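Visitor: I've got a protein chain on my screen and I'm new to this. Could you walk me through it?

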Amino acid sequence: MSSPMISNSTSDRSHRIKKKKKALSKIQQHAQEQEQRITKWRSQAQQQIYSSKLHQALARVNLSGTVPRRGKAVREAADRVLAVAAKGKTRWSRAILTNKLKLKFRKQKRHHQQRTVGPSRSKKARFAVLRLKGKTLPAVQRKVKVLARLVPGCRKEPLPVILTEVIDYIPALEMQVRAMAALADFLAGASSSAASASAFPPPS
């Protein structure tokens with residue numbers, strides 16, 4: 001007969017093996033999902049879809065005529081279309097889609113505070129404290145904080161989450177740059193052809 005100690009060690013070993021296999025399958029599945037996202041952003045079909053929606057969004061921005069800073073409006077429209085293309089499956093896309101609503105509530109709250117509260121304290125001391133805190137942080141932590149600020153929705157997230165979002169966010173930005181460059185070339189060509197047609201009208 002086998003002793004209970006041997007059977008317990010065998011069951012523990014099999015449990016550990018199952019646990020390792022499960023963790024490995026999760027890692028492989030996550031890697032496959034990341035690869036699919038990167039491939040999606042680099043596909044020509046996705047770029048054409050994004051370019052078409054971006055052109056529509058920019059047309060609405062140009063037609064509004066009430067935007068004080070068009071550069072900011074163009075950037076916000078391009079980011080919004082990019083977040084819609086990501087379908088809200090990533091943290092950065094959800095952060096971009098909800099950012100406009102948050103800014104609206106923040107402005108209303110700030111306006112209400114200015115009306116009810118007296119003059120605020122000087123911000124110089126606060127900035128000095130933040131600078132001192134930044135200097136005491138190690139170099140790696142400072143770089144991680146900077147990276148977290150660059151990716152929407154990752155300011156307070158741990159490093160694994162930030163890296164996961166970066167893997168998806170960078171190819172999306174690369175596709176955005178390609179689409180905007182192609183759109184700019186197309187619009188420049190259309191405007192130059194229109195200018196040449198007006199300068200040299202066809203014979204009647």
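What follows is a chat about this predicted model.

Visitor: Let's start with the big picture. How many helices and how many strands are in the chain?

Guide: Go along from the N terminus and the elements read α-α-α-α-α-α-α. No strand turns up in that run, and the tally is seven helices and zero strands.

Visitor: What share of the residues is buried?

Guide: The chain has 204 residues. Its exposed surface comes to about 16,100 Å², with carbon and sulfur atoms supplying 61% of that. As for the buried residues, their share is 20%.

Visitor: Among contacts between residues at least 6 apart in sequence, what percentage joins residues at least 24 apart?

Guide: One example of a distant pair is M180 and S51, which sit 129 residues apart in sequence but 7.3 Å apart in space, C-alpha to C-alpha. Taking the contacts between residues at least 6 apart, the part that joins residues at least 24 apart is 62%.

Visitor: Now helix α3. What should its span be, and what is the distance between its end C-alpha atoms?

Guide: Helix α3 covers residues 70-85, which makes 16 residues. At 1.5 Å a residue, the helix should span 22 Å. The end C-alpha atoms agree with that, being apart by 22 Å.

Visitor: Which residues of α3 are buried?

Guide: Here's a handy bit of background: an α-helix has 3.6 residues a turn, so residues three or four places apart point the same way. Keep that in mind while you look for the buried positions of α3, which are A73, A77, A78, D79, V81, L82, A83 and A85.

Visitor: D79 is charged, right? What is its nearest side chain of opposite charge?

Guide: D79 belongs to helix α3, and it is buried yet has no salt bridge. Leaving aside neighbours within four places in sequence, D79 is in contact with I96 and Q176. The nearest side chain of opposite charge is 4.9 Å away, while a salt bridge needs a distance within 4 Å. That side chain belongs to R75.

Visitor: So where is the one salt bridge of the structure, and which residues form it?

Guide: A search of the whole structure finds one salt bridge, and its closest N and O atoms are 3.4 Å apart. The pair links distant parts of the chain, 66 residues apart: one partner is in the loop between α6 and α7, the other in helix α4. Those partners are E157 and R91.

Visitor: Are E157 and R91 buried, exposed or partly exposed?

Guide: Buried would need under 20% relative accessible area and exposed would need over 50%. E157 comes in at 26%, and R91 at 29%. So E157 counts as partly exposed, and R91 also counts as partly exposed.

Visitor: Which residues have the most contacts inside the largest nonpolar core?

Guide: In soluble globular proteins, nonpolar side chains tend to be buried together. Here the largest nonpolar core has 26 residues, and α2, α3, α4 and α7 each give two or more residues to this core. The ones with the most contacts inside it are W41, Y50, L54, L82, W92 and V151.

Visitor: Take L82 from that list. Is it buried or exposed?

Guide: L82 sits in helix α3. Not counting residues up to four places away, L82 touches W41, Y50, W92, A172, L173, M175 and Q176. Its relative accessibility is 1%, so L82 counts as buried.

Visitor: And M180, which residues does it touch beyond four places in sequence?

Guide: You'll find M180 in helix α7. At 28% relative accessibility, M180 counts as partly exposed. Its contacts, leaving out residues up to four places away, are L54, V74 and A78.

Visitor: One last thing: which residue with a positive phi follows α3?

Guide: Look in the loop between α3 and α4. The residue there has a phi of about 60° although it is not a glycine. With a relative accessible area of 64%, it is also exposed. This residue is K87.

Note on methods:
Residues are numbered from 1 along each chain as its sequence is written. This is a predicted model: local features need pLDDT of at least 70, side-chain atom pairs count only at pLDDT 80 or more; totals for chains, interfaces and linings use all residues. Side-chain values use heavy atoms; hydrogens and water are left out. Helices (H or I, at least four residues) and strands (E, at least two) are DSSP runs, numbered from the N terminus. The expected span of a helix is 1.5 Å times one less than its number of residues. Buried means under 20% relative accessible area, exposed over 50%, partly exposed in between (1.4 Å probe, protein chains only). A nonpolar core is a set of buried Ala, Val, Leu, Ile, Met, Phe, Trp, Tyr and Cys residues joined through side-chain atoms within 4.5 Å. Contact means heavy atoms within 4.5 Å. Accessible areas come from the Shrake-Rupley method with a 1.4 Å probe; for residues, only the protein chains shown count as cover. Lys and Arg count as positive and Asp and Glu as negative; His and the chain ends are not counted.
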